[in-house]
Amino acid sequence: MRAGRARIEPGVETVPLILETIVTTLSPEGALHLVPFGLIQDGADYVLAPFRPSPTIHNLATNPVFAASAPSDVRVIAGVVTGRRDWPVVPCEKIAGQRLAECFGHAEFEVVAVEEDAARPRYRGRLVHAMSHRPFIGYNRAQAAVLEAAILSTRLHMLPPDKILTEMAYHAIAISKTAGPAEREAWDWIEDKVAQALGRSERVLGNTGSAS
């Protein structure tokens, strides 16, 4: 074995790095579409894999570039998954697009290859520009809980209600202990979405010891 190269055990599948970001694309008419996406690292590139149907797919067909931003306000993530998409944006530096105005940093990509698929095409993005905008020291537990709950809220049609409520109850513990006003507001948006989807009136946060 060469020095500096990790040994991979036979039969062990490596897990790709996935970065949770806010991706922005532009329609042929110039309308902005803003959506949370996990960018999948593949070598030096990052892969964007939206499910059909998707405005992102439509936009990339005519304007094959996108920006990915790391929001500095966790309410952006919760807001986008609950229908609140009116967040400030500014023009990108190197591509015909826009990115979040308030973010730790952003990256701009051009699509260099497309792997077509009936359900989930894969767009290979090549980095053309990246910039840091403010220091990032780290997320607290409540911010991480909002991120996990936001992802969970996009899978309500895929998971049984008991599993959804069990996971929400677990994430609510971090909210109750470490959330500030912004994190609590973000959590409430997600709570409302989950409650509406499941036909519930109770709030998970008020009952963190049980999923019922």
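Colleague: Let's start with the record: which residues does UniProt list for "domain: DUF447"?

Modeller: The unreviewed UniProt entry gives two stretches for "domain: DUF447", residues 20-133 and residues 140-191. UniProt positions follow the numbering used here, feature names are shortened, and annotations may be inferred rather than shown by experiment. Keep in mind that this is a predicted model, where local features need pLDDT of at least 70 and side-chain atom pairs count only at pLDDT 80 or more, while totals for chains, interfaces and linings use all residues. Residues are numbered from 1 along each chain as its sequence is written, and side-chain values use heavy atoms, with hydrogens and water left out.

Colleague: How much helix and strand is there over residues 20-133?

Modeller: Helices (H or I, at least four residues) and strands (E, at least two) are DSSP runs, numbered from the N terminus. Residues 20-133 are 13% helix and 52% strand, and their end C-alpha atoms sit 17 Å apart. Residues 140-191 are 81% helix and 0% strand, with 19 Å between the end C-alpha atoms.

Colleague: On to the strands. How many bridges join β1 to β2?

Modeller: Two strands pair if DSSP finds at least two bridges between them. Strand β1 (residues 18-26) and strand β2 (residues 32-42) run antiparallel, joined by nine bridges. They form a hairpin with five residues between them, and glycine 30 in that turn has a positive phi of about 90°.

Colleague: Which residue in β2 is the bridge partner of threonine 24?

Modeller: That's leucine 34. Threonine 24 also stands opposite alanine 67 in β4. That fits the wider pattern: β1 pairs with strand β4 (residues 65-71) in the antiparallel sense, over three bridges.

Colleague: And where does the pairing go from β4?

Modeller: On to β7, antiparallel again, over seven bridges. One contact to look up there is proline 71, whose bridge partner in β7 is cysteine 103. β7 then pairs with β8 in the antiparallel sense over ten bridges, and alanine 113 stands opposite arginine 124 in β8. Those two strands make a hairpin with six residues between them.

Colleague: You mentioned a cysteine. How many disulfides does the structure hold?

Modeller: A disulfide is a covalent bond between the sulfur atoms of two cysteines. Here a pair of cysteine sulfur atoms within 2.5 Å would count, and the structure holds zero. Cysteine 92 is in no disulfide, and its nearest cysteine sulfur, in cysteine 103, is 9.6 Å away.

Colleague: Why is there no bond for cysteine 103?

Modeller: Because its sulfur is 9.6 Å from the closest cysteine sulfur, in cysteine 92, and that is too far.

Colleague: Is cysteine 103 buried or exposed?

Modeller: Buried means under 20% relative accessible area, exposed over 50%, and partly exposed in between (1.4 Å probe, protein chains only). Cysteine 103 has a relative accessible area of 2%, so it is buried. Cysteine 92 is buried as well, at 12%. Histidine 58 has 47%, so it counts as partly exposed. You'll find histidine 58 in helix α1 (residues 55-62). Its C-alpha is 9.3 Å from that of leucine 26, though the two are 32 residues apart in sequence.

Colleague: What stands out just before α1, in the loop after β3?

Modeller: Proline 53 lies in that loop, between β3 (45-48) and α1. The peptide bond leading to it from arginine 52 is cis, with omega near -10°.

Colleague: Last topic, pockets. How much space lies in the largest pocket?

Modeller: Rolling a probe the size of a water molecule over the atoms shows where empty space is left. A pocket, on a 1 Å grid over the protein atoms alone, is an open set of points where a 1.4 Å probe fits, with protein on both sides within 12 Å along at least five of seven lines; lining residues have an atom within 4 Å of a point. Grid points are joined across faces, edges and corners, and the volume is the space filled by probe spheres set on them. The largest pocket comes to about 930 Å³. It is lined by 31 residues, and Pro36, Phe37, Phe51, Arg120 and Thr154 are the closest to its centre.

Colleague: Which element gives the most to that lining?

Modeller: β2, with six residues. By class, the lining has 18 nonpolar, seven polar and six charged residues. (Ala, Val, Leu, Ile, Met, Phe, Trp, Tyr, Cys and Pro count as nonpolar, Asp, Glu, Lys and Arg as charged, and the others, Gly among them, as polar.)

Colleague: What volume does the second largest pocket have?

Modeller: About 430 Å³. Of its 22 lining residues, Leu19, Glu20, Thr21, Ser69 and Ala70 are the closest to the centre. β7 supplies the largest share, five residues, and the lining counts 17 nonpolar, four polar and one charged.
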